[in-house]
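Colleague: I'd like to go through this model with you and hear how you justify the words you use for it. Shall we put it on the screen?

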Amino acid sequence: MLLRRAMIRLGVPLLWRRIAQVQAARLLRFGITEKDSEWQILHALDDVDDPATRARVLQHALEESHHAAEFTRVSLNVAERLPPKPLPPRAPIYETGSGVEGLAGFAAYANVGEVDVFEQFDAYAAGIGPGEARSVFRESKLDELGHVGLTRAILDELVPDKRRADWLVTKVRLRRAWDVWLRFGKTLGEINTTLVLTALYLLAGLLFGWPAWRRLVGEKR
Amino acid sequence: MDILGLSSGELGSGASLVRDGALHACAREERFTRQRLDPNPPRFAAEHCLRQAGHPAAGLSGIAVAGDPADRFTRVLTGTLGQGFPLMVPAFVRSMSAWIGHHLWERDSLSRLLDVDPAAIQYRARHRCLSAAAVQGSGVDEAAILVVDTIGEWTTTTIARWKEGGAPEDVERFEYPHSLGLLSAAVAMLLGLRPWEGLAPLWDLAAWGRPTLTSRFRRVLQVHEDGTYQITPGFLRFAELFEPPYGDPWTGAFTDLFGAPRDARRPWPFRAGEAPAVVDTEDQRHADIAASLQVVIEEAMLGLARRAKAKTGAAHLCVAGALAGNASAILRLRREAGFASVHVPADPTGLSAGAALLLAAERGAPLSGRAPQPFGGRAWPAGRDLAAVARMDPMWWQRFRRRGTAPVRDARIEVTPELDDDTLLAQVVADLAAGRIVGWLEGAFESGPGGLAHRVLLADPRDLAVARRLTERVTGAAAFAPTTLLTRPEAVAALVDEPAPTAGWVPLAAHASAAARAAALTAVHADGTLRYLPVDAAVAPRMAALLDRWSASTGAPGLLLADLREAEDPLAASPADALLIFMRTEVDTLVLDQGLVRKELP
Ligand SMILES: [Fe+2]
Ligand SMILES: [Fe+2]
């Protein structure tokens with residue numbers, strides 16, 4: 001009885017805190033992904049001069065920027081410790097100077113991305129309990145639905161031939177399937193690397209830990 | 001002769017172009033990628049520099065990269081193996097994965113990025129780059145240099161001497177793990193802040209605390225009579241800070257002294273410009289930790305500065321590195337270190353500029369303290385964004401506004417694409433006097449960490465309500481951080497109670513006079529110092545003209561200054577970035593070069 005109480009007293013807060021930490025990290029990652037969407041849009045916008053298109057696209061960027069801010073905000077309310085903030089290098093989908101061709105490719109890519117994001121947010125909104133995070137998922141998913149329409153409309157303007165526009169979208173889908181496969185392979189590789197590095201660390205520590213310690217402590221300043 | 005300098009890492013990546021020994025372009029990667037302190041290779045900043053150069057990388061006379069990877073690698077190995085073995089497995093795995101994943105191939109990836117031969121890329125030690133950056137804009141021709149950094153390869157703190165025309169010469173170096181910057185980063189984390197972004201808030205927080213824990217900090221950081229210092233082993237594991245995501249860089253002995261880490265969600269009760277309300281003991285203790293650290297950091301920096309004086313005999317001191325941004329410590333050096341003047345460059349962590357300047361000096365283009373280029377970033381045409389916003393309906397913005405901001409559903413948006421300066425400045429002065437918040441974007445963006453005159457937010461410094469609105473509903477900055485008073489050099493004397501510089505490239509601190517306390521509410525910090533930035537008419541003529549008009553019309557000695565940015569974002573770069581801030585926040589008037597956008601609420 002006493003043991004059980006002790007385990008709950010010790011285990012539950014630890015577990016909860018841990019889970020909160022994972023939730024916070026996940027929410028912040030959504031924030032970072034949304035920020036990347038905003039950035040991709042603004043990056044492509046740099047090559048767009050037409051004021052009407054700029055107005056539409058600026059509005060889209062505003063919406064992604066808001067999603068990013070909201071996910072970041074709720075991620076900071078979840079856990080005691082700040083969630084890690086990975087800052088991956090930007091990989092522009094639209095390469096500056098690649099003209100209408102490039103912009104059409106970007107619109108197709110964004111279109112597929114928006115569908116994916118909608119589905120993800122929809123699943124999260126249904127799967128997690130009530131709270132701030134759920135309302136952010138719920139509100140954002142509706143915007144994403146709007147973005148699916150907007151990106152398709154822009155794609156259709158850039159590529160009036162519907163069959164070619166569809167083909168661009170399919171190409172992006174294939175490309176993304178390939179990326180998922182690559183990511184899977186990379187994760188496997190990372191697990192392997194972690195194991196090898198841990199073994200290496202222990203071995204190196206036994207051999208060189210003492211001289212390294214002396215180097216750090218022995219150095220007067 | 002064009003030389004490109006590149007840097008990457010925890011204090012943010014960047015690129016610089018030095019033409020005939022002077023900075024021609026200089027930008028941080030974060031401005032382009034919109035990720036604050038982006039540590040990745042500076043792809044977009046380098047593109048910007050080459051665009052400014054007008055030729056591809058093949059036309060450069062040299063490419064210098066800050067930081068020697070081989071030395072860094074040995075430090076990472078020694079650091080992870082020598083402290084806290086075998087608990088440092090995660091830190092070791094993180095570090096080695098990053099090295100295997102990209103650091104080891106940096107030369108190749110940079111050569112591909114720039115399309116040059118890998119052999120054309122030269123590495124320069126990080127502390128030497130910072131030394132070269134330190135003298136930029138000092139206006140002196142001979143100085144002692146003090147670089148107080150987080151960490152380079154091994155070097156953490158450097159004393160150097162410099163004479164116009166030559167490269168800085170090292171006089172003395174302090175090595176890892178004895179780092180004042182890493183100690184500060186660890187304390188920032190303990191107080192629920194991020195290690196690098198949290199440095200500035202940590203120093204601002206110090207003014208709200210009492211130095212009750214200095215004796216405990218002196219056990220961790222020993223400052224000796226001769227100006228040297230030492231971090232005592234057993235309290236900190238800095239190797240946890242080598243690669244993100246960072247682990248806890250302290251041991252049980254450290255938390256025994258200072259307590260468990262603060263809950264990052266907990267709001268701070270301190271507000272700039274206001275007397276603290278009831279303060280919880282926990283919050284007070286955390287502020288006391290910051291204040292106590294500040295005291296020992298100041299003692300250490302003062303010791304180092306005096307040591308630099310004794311070793312070099314120089315009349316002037318130039319300070320760079322992450323701790324050069326600590327305005328209170330710089331004030332202490334100015335008052336007590338015995339130098340005729342103390343300078344901080346526009347970009348105290350300007351590694352890329354330093355690398356390029358250093359290589360240029362080696363190639364015979366003398367390093368000079370002449371005015372730097374504080375606006376070395378990119379400029380965009382604003383016309384197309386002004387035309388775009390004229391077509392937008394603020395009703396669309398409503399759902400995507402920052403939390404807690406006033407509704408704009410029924411606002412009227414007034415866009416004037418082209419105004420002469422006379423009309424524009426008159427309108428801006430009228431708006432500021434009416435309690436409106438003005439966003440100001442002009443020409444190329446700032447090279448350094450914050451907005452000086454080209455990417456700034458302005459407001460009436462006498463109005464506490466507008467200052468609060470600015471932090472709560474625009475920038476999201478910590479409420480305890482003081483604002484800066486943007487002013488003219490000739491107004492400085494009346495604002496401070498001690499001899500104080502009338503030129504500078506980063507916000508300065510000096511004891512506030514009674515006049516300043518009455519006229520610049522939130523720019524007077526809790527410790528009684530005024531935070532101010534004098535605007536030089538030769539460097540920022542339009543901003544100087546605005547300030548002159550403002551003072552003539554209202555009698556106020558300056559304007560409240562904040563970075564044109566929102567919350568966790570970096571400083572705005574393009575007009576589109578500025579417009580997004582305008583749409584999301586309570587910025588009421590936005591200046592885009594000669595254009596003006598105004599929100600008129602019903
Ligand atoms: Fe989104
Ligand atoms: Fe979206």
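Colleague: Which residue takes a positive phi just after H12(B)?

Modeller: In this predicted model, that is B:Gly338, with a phi of about 90°.

Colleague: And what makes H12(B) "mostly covered"?

Modeller: A residue is called buried when its relative accessible area is under 20%. In helix H12 (residues 327-336) of chain B, seven of the ten residues are buried, among them B:Ala327, B:Leu333 and B:Arg334. What covers the buried residues of H12(B) includes E6, helix H11 (281-312) and strand E18 (529-534) of chain B.

Colleague: Why do you call strand E7 of chain B largely enclosed by the rest of the structure?

Modeller: The same cut-off of under 20% applies. Seven of the nine residues of E7(B), residues 155-163, are buried, so the strand is largely enclosed.

Colleague: How do you know that E6(B) and E7(B) pair, and which way do they run?

Modeller: Pairing needs at least two bridges. E6(B) and E7(B) have seven, so they count as paired, and they run antiparallel. One of the partnerships is B:Ile145 with B:Ala160. A hairpin of six residues links these two strands.

Colleague: What makes E8(B) a partner of E7(B) too?

Modeller: Six bridges join E7(B) to strand E8 (residues 169-175), again antiparallel. At least two are required, so this is a pair as well. B:Thr155, for instance, is bridged to B:Glu175. Their hairpin has five residues between the strands, and B:Gly165 there takes a positive phi near 100°.

How values were computed: Residues numbered from 1 in each chain as written. Chains lettered and ligands numbered in written order. Predicted model: local features only at pLDDT ≥ 70, side-chain atom pairs only at ≥ 80, totals over all residues. Heavy atoms only, no water. Buried < 20%, exposed > 50% of the residue type's maximum accessible area, 1.4 Å probe, protein only. Helix = DSSP H or I, 4+ residues; strand = E, 2+ residues; numbered from the N terminus. Contact = heavy atoms within 4.5 Å.
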